[in-house]
Amino acid sequence: MLLRLCGAYIASVIEMKFEDFGLADPIMKALAAKRYENPTPIQQQSIRPLLEGHDLCGIAQTGTGKTAAFALPSLDYLVRNPKARLPVTCRILVLSPTRELAAQIGDSFRDYGRFLNIRVATVFGGVPIHRQIKQVQSGVDVLVATPGRLLDLIDQRAFHLNGVEIFVLDEADQMMDMGFIAPLKRIVK
Ligand code: AMP
């Protein structure tokens with residue numbers, strides 16, 4: 001009996017399709033352009049609860065589709081809740097431990113959101129801050145940031161978090177290992 005139930009569960013997960021989530025058309029179009037056919041296991045488990053507005057802690061190895069697992073429901077939220085951009089803030093904030101990962105996440109949001117009218121900015125340390133200040137001046141839909149550079153922008157009054165509706169911590173364990181706990185506590189507050 002248990003075996004049969006497990007079999008039924010596995011079959012339903014394997015056969016899952018992106019259509020099953022009811023994602024907005026422009027997002028489905030982007031997935032088709034990328035030739036994604038089936039959601040990966042982390043996507044199968046996370047997209048629906050995130051679309052329903054639940055908080056979620058997901059654990060999966062690198063390269064298993066985690067970025068789309070949070071980016072797709074976040075973009076869907078933007079489609080279903082249109083709002084004018086406010087200056088010096090964002091609606092979706094994604095924190096990343098490294099500049100490389102931040103750049104990758106930013107590219108993924110642009111890619112999955114290519115049929116949406118969204119503005120995505122990526123900010124990280126080790127490069128002059130002035131261009132990044134300009135990038136976020138008139139507001140963005142999605143900001144992908146490393147914690148230190150985000151706090152630099154906030155301390156310079158070039159950015160605030162009052163507009164944030166969705167908050168993602170990517171590679172949260174790595175951020176803790178890298179000693180980001182104090183900046184993270186400040187940002188969460
Ligand atoms: P990530 O773990 O988010 O870095 O994704 C790893 C790679 O898998 C990236 O190249 C994605 O474009 C790709 N990917 C993510 N989700 C899917 C999917 N459902 N089908 C095919 N490829 C995917």
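Strand β1 is mostly covered: 6 of its 6 residues are buried. This is a predicted model, and in it β1 pairs with β3 through 5 bridges and with β4 through 4 bridges. Besides the strands, there is a ligand with residues such as Phe 18, Tyr 36 and Gln 43 around it, plus a cluster of rings and a couple of residues with positive phi, Arg 35 and Val 88.

**The strands and how they pair**

- β1 covers residues 90-95 and runs parallel to β4.
- The β1 and β3 pair is parallel as well, with 5 bridges joining the two.
- β3 takes in residues 140-145, and it is mostly covered too, with 6 of its 6 residues buried.
- β2, at residues 120-123, is joined to β3 by 4 bridges, and these two strands run parallel.
- If you want to trace the β1 and β3 pairing by eye, Leu 93 sits opposite Leu 143 of β3, and Leu 95 has Ala 145 as its bridge partner there.
- Ala 145 of β3 also has Val 123 standing opposite.
- For the β1 and β4 pairing, look for Ile 92 opposite Ile 166 of β4 and for Val 94, whose bridge partner in β4 is Val 168.

**A closer look at β4**

- Side chains alternate along β4, which spans residues 166-169.
- Ile 166 and Val 168 point to one face and are buried, while Phe 167 and Leu 169 point to the other face and are not.
- Val 168 belongs to strand β4, and its relative accessibility is 11%, so it counts as buried.
- The cut-off behind that call is under 20% relative accessible area.
- Val 168 is 59 residues from Phe 109 in sequence, yet their C-alpha atoms are 13 Å apart in space.

**Around the ligand**

- Which residues are around the ligand? They are Phe 18, Tyr 36, Asn 38, Pro 39, Thr 40, Gln 43, Gly 63, Thr 64, Gly 65, Lys 66 and Thr 67.
- Asn 38 uses its backbone here: one of its polar backbone atoms is 2.9 Å from a nitrogen atom of the ligand.
- Gln 43 uses its side chain, with a polar atom 2.8 Å from a ligand nitrogen.
- Thr 67 has a side-chain N or O atom 2.7 Å from an oxygen atom of the ligand.
- On its own the ligand would expose 490 Å², and the protein buries 65% of that.
- Gly 65, one of the residues around the ligand, is in the loop between α3 and α4.
- Gly 65 is partly exposed, at 24% relative accessible area.
- Gly 65 and Gln 43 are 22 residues apart in sequence, while their C-alpha atoms are 6.9 Å apart in space.

**Aromatic rings**

- How many aromatic pairs are there? The count comes to 4.
- Phe 18, Phe 21, Tyr 36 and Tyr 112 are linked by ring pairs into a cluster.
- Phe 18 and Tyr 36 turn up twice in this briefing, since they belong to that cluster and are also among the residues around the ligand.
- Lys 29 lies over the face of Phe 115, and the distance to the ring centre is 4.4 Å.

**Backbone oddities**

- Most residues other than glycine have a negative phi.
- Arg 35 has a positive phi, near 60°, and is not a glycine.
- You'll find Arg 35 in the loop between α2 (25-33) and α3 (41-51).
- Is Arg 35 buried or exposed? Arg 35 is exposed, with a relative accessible area of 72%.
- Val 88 is another non-glycine residue with a positive phi, this one about 45°.
- Val 88 is in the loop between α4 (66-80) and β1.
- With a relative accessible area of 21%, Val 88 is partly exposed.

Terms used. Residues are numbered from 1 along each chain as its sequence is written. This is a predicted model: local features need pLDDT of at least 70, side-chain atom pairs count only at pLDDT 80 or more; totals for chains, interfaces and linings use all residues. Side-chain values use heavy atoms; hydrogens and water are left out. Buried means under 20% relative accessible area, exposed over 50%, partly exposed in between (1.4 Å probe, protein chains only). Two strands pair if DSSP finds at least two bridges between them. Rings of Phe, Tyr and Trp (its six-membered ring) pair if their centres lie within 6.5 Å; planes under 30 degrees apart count as stacked, over 60 as edge-to-face and the rest as tilted. A charge sits over a ring if NZ of Lys or CZ of Arg is within 6 Å of the ring centre and within 35 degrees of the ring normal. A residue is near a molecule or strand if one of its heavy atoms lies within 4 Å of it. A polar contact is a pair of N or O atoms within 3.5 Å; within protein, one must be able to donate a hydrogen and the other to accept it, and residues adjacent in sequence count only if both atoms are side-chain atoms. Accessible areas come from the Shrake-Rupley method with a 1.4 Å probe; for residues, only the protein chains shown count as cover.
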